[in-house]
Amino acid sequence: MSYVLYYSPDSANLVVRMVLEEIGIEYEERPVPSTRTERSDVFFQMNPRGLLPVLIDELEGATLFETGAILTYLADKHSTLGLSDNSRKERGDCLRWIFMLSNTLHADLAIRFYPERYVSIQSEIKPLQAAMKRRVQKHLELIDEVLGSHGGSWLLEKGLSVCDFYLGCCVRWAQRYPADAPAIGPHELEKMTNLAATLTALQERPSVKHAMMKENLVGSAFVGVHTEDALARVFEAVGEGMP
């Protein structure tokens with residue numbers, strides 16, 4: 001067993017776990033505190049920012065952090081889920097969406113989750129969150145259009161990829177955090193029919209169900225997500241468990 005996944009339930013490690021399960025890779029899991037301030041010096045040596053996810057490939061001696069980087073590494077190393085031995089164009093299609101999800105969608109979600117990290121004046125927090133809500137919705141509307149334009153089930157025309165799992169988790173978190181005012185609600189997602197169909201199919205995959213079970217997460221993974229369950233309230237309280 002060469003992989004070690006460090007995790008806190010429903011943090012950014014969830015998408016990595018789903019991909020590990022989908023590929024069928026055995027891995028060891030090691031829990032870490034949900035609050036960054038409680039994480040050990042050893043963990044900070046693995047990721048200087050002290051954030052999840054962290055994945056260690058013991059066989060290669062590689063310590064990985066940043067969600068997009070880990071997904072790229074796994075798909076590339078195992079020649080699957082969008083980065084198999086295919087054309088440069090197809091690889092480029094996969095990479096562009098990994099970067100978009102990481103640098104744009106996930107990044108904007110982080111600003112909405114933690115606005116106090118970006119503005120120092122209390123009165124500026126709500127306007128910033130409102131702006132990020134609009135941006136997140138625009139990103140998802142764009143993805144909905146892309147899915148509809150090629151008529152496929154997945155974000156890449158060629159088929160299922162790591163991008164779909166990353167997209168699914170971003171949409172999950174957008175529906176859950178902040179618990180009192182999520183970035184997108186169930187009715188808004190229902191209107192994005194192509195996106196909703198993709199995520200409905202994705203959450204039925206055994207890999208997604210196994211990953212949810214291993215992190216003791218109940219309910220639907222991506223569509224029909226519970227926004228006010230006990231776990232969401234715990235993460236909201238500690239302020240660090242969100243992805």
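Here is a quick walk through this predicted model, from its overall build down to a few individual residues.

A word on the ground rules first. Residues are numbered from 1 along each chain as its sequence is written, and side-chain values use heavy atoms, with hydrogens and water left out. Because the model is predicted, local features need pLDDT of at least 70 and side-chain atom pairs count only at pLDDT 80 or more, while totals for chains, interfaces and linings use all residues.

**Overall build**

The chain has 10 helices and 4 strands. Both are DSSP runs numbered from the N terminus: helices are H or I with at least four residues, strands are E with at least two. Going along the sequence, the order reads β-α-β-α-β-β-α-α-α-α-α-α-α-α.

How does the radius of gyration compare with that of a compact globule? For 243 residues a compact globule would come out near 18 Å, and the chain has 17 Å, which agrees. (That radius is taken over C-alpha atoms, and the globule rule is 2.2 Å times the number of residues to the power 0.38.) Along the principal axes, the C-alpha atoms fill a box of roughly 50 × 45 × 30 Å.

Of the 243 residues, 53% count as buried; buried means under 20% relative accessible area, exposed over 50%, and partly exposed in between, with a 1.4 Å probe and protein chains only. Take the contacts (heavy atoms within 4.5 Å) with a separation of 6 or more: residues 24 or more positions apart account for 67% of them. The accessible surface comes to about 11200 Å², with 52% of it belonging to carbon and sulfur atoms. Those areas come from the Shrake-Rupley method with a 1.4 Å probe; for residues, only the protein chains shown count as cover.

**A histidine and some cysteines**

His139 sits in helix α5 (residues 125-150) and is buried, at 11% relative accessible area. Setting aside neighbours within four places in sequence, His139 is in contact with Met100, Thr104, Leu105 and Asp108.

How many disulfides does the structure hold? The count is 0, a disulfide being a pair of cysteine sulfur atoms within 2.5 Å. Why is Cys163 not bonded to Cys94? The Cys94 sulfur is the closest cysteine sulfur to that of Cys163, but at 3.9 Å it is too far for a bond. Cys163 is also buried, with a relative accessible area of 0%. As for Cys170, this residue is in no disulfide either, and its nearest cysteine sulfur, that of Cys169, is 7.4 Å away. Cys170 counts as buried too, at 1% relative accessibility.

**Backbone oddities**

Which residues are joined by cis peptide bonds? One pair is Leu52 and Pro53, and another is Tyr177 and Pro178. The table gives their omega values and where each proline lies.

| Cis pair | Omega | Place of the proline |
|---|---|---|
| Leu52 and Pro53 | about 5° | loop between α2 (41-46) and β3 (54-57) |
| Tyr177 and Pro178 | about -15° | loop between α6 (162-176) and α7 (186-191) |

Then there are residues with positive phi that are not glycine. Glu66 has phi near 80° and lies in the loop between β4 (62-65) and α3 (67-77), where Glu66 is partly exposed at 37% relative accessible area. Asn216 has a positive phi of about 55°. Its place is the loop between α9 (206-214) and α10 (230-238), and at 66% relative accessibility Asn216 counts as exposed.
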